[in-house]
Amino acid sequence: MAVVGLDTKGTATDTAIEVRQLHKWFRGNHVLRGLDLKVHTGTATAIVGSSGAGKSVLLKHMIGLARPTSGQIFILGRELTGKTGRDLEALRRRFAMVFQGSALLNSLTVGQNVGLGLTEQRRLSRKQIDEIVGEKLALVGLRGKESLLPGELSGGMKKRVGIARALAMDPDIILFDEPTTGLDPVMAERIDALMIDLKNKLKKTMVVVTHDMDSAFKTVDYIAMIYEGKIVEQGTPEEFWRSTNPVVEQFISRFKRQEEGKFFDKSLSL
Ligand SMILES: Nc1ncnc2c1ncn2[C@@H]1O[C@H](COP(=O)(O)OP(=O)(O)OP(=O)(O)O)[C@@H](O)[C@H]1O
Ligand SMILES: [Mg+2]
């Protein structure tokens, strides 16, 4: 079911996330410099940009984990900026985030990590939680791995446990920080397929930070690029591919060459 929020005047809006004029300074480092971004409900947007551009910092602001130096963030029409305590918690429950470094608790098993949020909510029985945990682990290709500890997992497995943990909470909005980086091609395809399902079948709103342009072009509705602290281009994958903005052209030139290479190889084998 698509979730419709209320804007500041109490009218319905289909904007799930709106970032207005966001600035973030870290001591002398002006990372976000008046960034504006809108994410519509039920759509998937990829945020791309070079390493250190501020992609992870932007995601952390969207879930209220980082405080803006100035600017505003609205979630389903309600202002997140400045919220604390219960109000912040209520908004945060609409979200789940898959962190770049997985952020698993090392002393808990895989099953306990995935079920942690549900256990804390105390709304479901142990058996119900175990069922959800098993189902989400199966979705990311980790069926039956409940009793392993994070220290016993590879980097890619940890990443998938992080995704299962986010899905277990059944949030309206899911933020992914590099979901396919470091995964083998088969698993990356599987995660891409899962993300397409989350969007098409479950109508989740998704924001995906990624370096994996292949995944971005396949899975999302819109691509937005951060450069010098602002969004310099936002459009459908096709618009992005055809962009004449030199910054975008340079950013995707390597990927374009690879894709054209595939085409060239095919035409050679004819
Ligand atoms: N907690 C922090 N304190 C100080 N500086 C920070 C902090 N978090 C991020 N930064 C700085 O903000 C900038 C953007 O970092 P960020 O992690 O958002 O980059 P990114 O675009 O996600 O890069 P990558 O693609 O490598 O993950 C970097 O210069 C980084 O050093
Ligand atoms: Mg990052």
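Which strands does helix H1 lie across, and at about what angle does it run to S4?

## Helix H1 and its strands

Keep in mind that this is a predicted model. In it, helix H1, made of residues 55-62, lies across three strands: S3 (15-26), S4 and S6. Its direction makes an angle of about 60° with S4.

Those strands belong to an open sheet of four, and reading across it the order is S4-S3-S6-S7. The pairing is antiparallel. As a bit of background, strands of a sheet pair through backbone hydrogen bonds, either parallel or antiparallel.

## The edges of the sheet

So where does the sheet end? The edge strands are S4, covering residues 29-40, and S7, covering 78-79. Each of these pairs on one side only.

On the S7 side, the neighbour is S6, residues 70-75, and two bridges join the pair. These two strands run antiparallel. One contact to look up in the viewer: Phe74 has Glu79 in S7 as its bridge partner.

## Around ligand 1

Helix H1 and strand S4 turn up again at the ligand. Each of them supplies at least two residues of the shell around ligand 1, and H1 gives the most, with three.

Here's the shell in full: Phe26, Asn29, Val31, Gly49, Ser51, Gly52, Ala53, Gly54, Lys55, Ser56, Val57 and Gln100 surround ligand 1.

## The nonpolar core

Now for the inside. The largest nonpolar core has 67 residues, and the ones with the most contacts inside it are Ala164, Leu175, Val207 and Ile223. Helix H5 (residues 155-168) provides the largest share of this core, seven residues.

Leu175 is a handy one to click on. Setting aside neighbours within four places in sequence, Leu175 is in contact with Leu59, Met62, Ile63, Phe95, Met97 and Val207.

## The whole protein

Stepping back, the protein has nine helices and twelve strands. Its radius of gyration is 19 Å, close to the 18 Å that the globule rule gives for 270 residues, so the protein is as compact as a globular protein of that length. Taken along the principal axes, the C-alpha atoms fill a box of roughly 55 × 55 × 40 Å.

How much of the protein is buried? Buried residues make up 37% of the 270 residues. As for contacts with a separation of 6 or more, 65% of them are accounted for by residues 24 or more positions apart.

Notes. Residues numbered from 1 in each chain as written. Chains lettered and ligands numbered in written order. Predicted model: local features only at pLDDT ≥ 70, side-chain atom pairs only at ≥ 80, totals over all residues. Pairing = 2+ DSSP bridges. Contact = placed C-beta atoms within 7 Å. Axes fitted to C-alpha atoms, helices over the stretch in contact; angles between N-to-C directions. Rg over C-alpha atoms; globule rule 2.2 N^0.38 Å. Buried ≥ 20, exposed ≤ 12 C-beta atoms within 10 Å, placed from the backbone. Core = buried A, V, L, I, M, F, W, Y, C linked by C-beta atoms within 7 Å. Near = placed C-beta within 6 Å.
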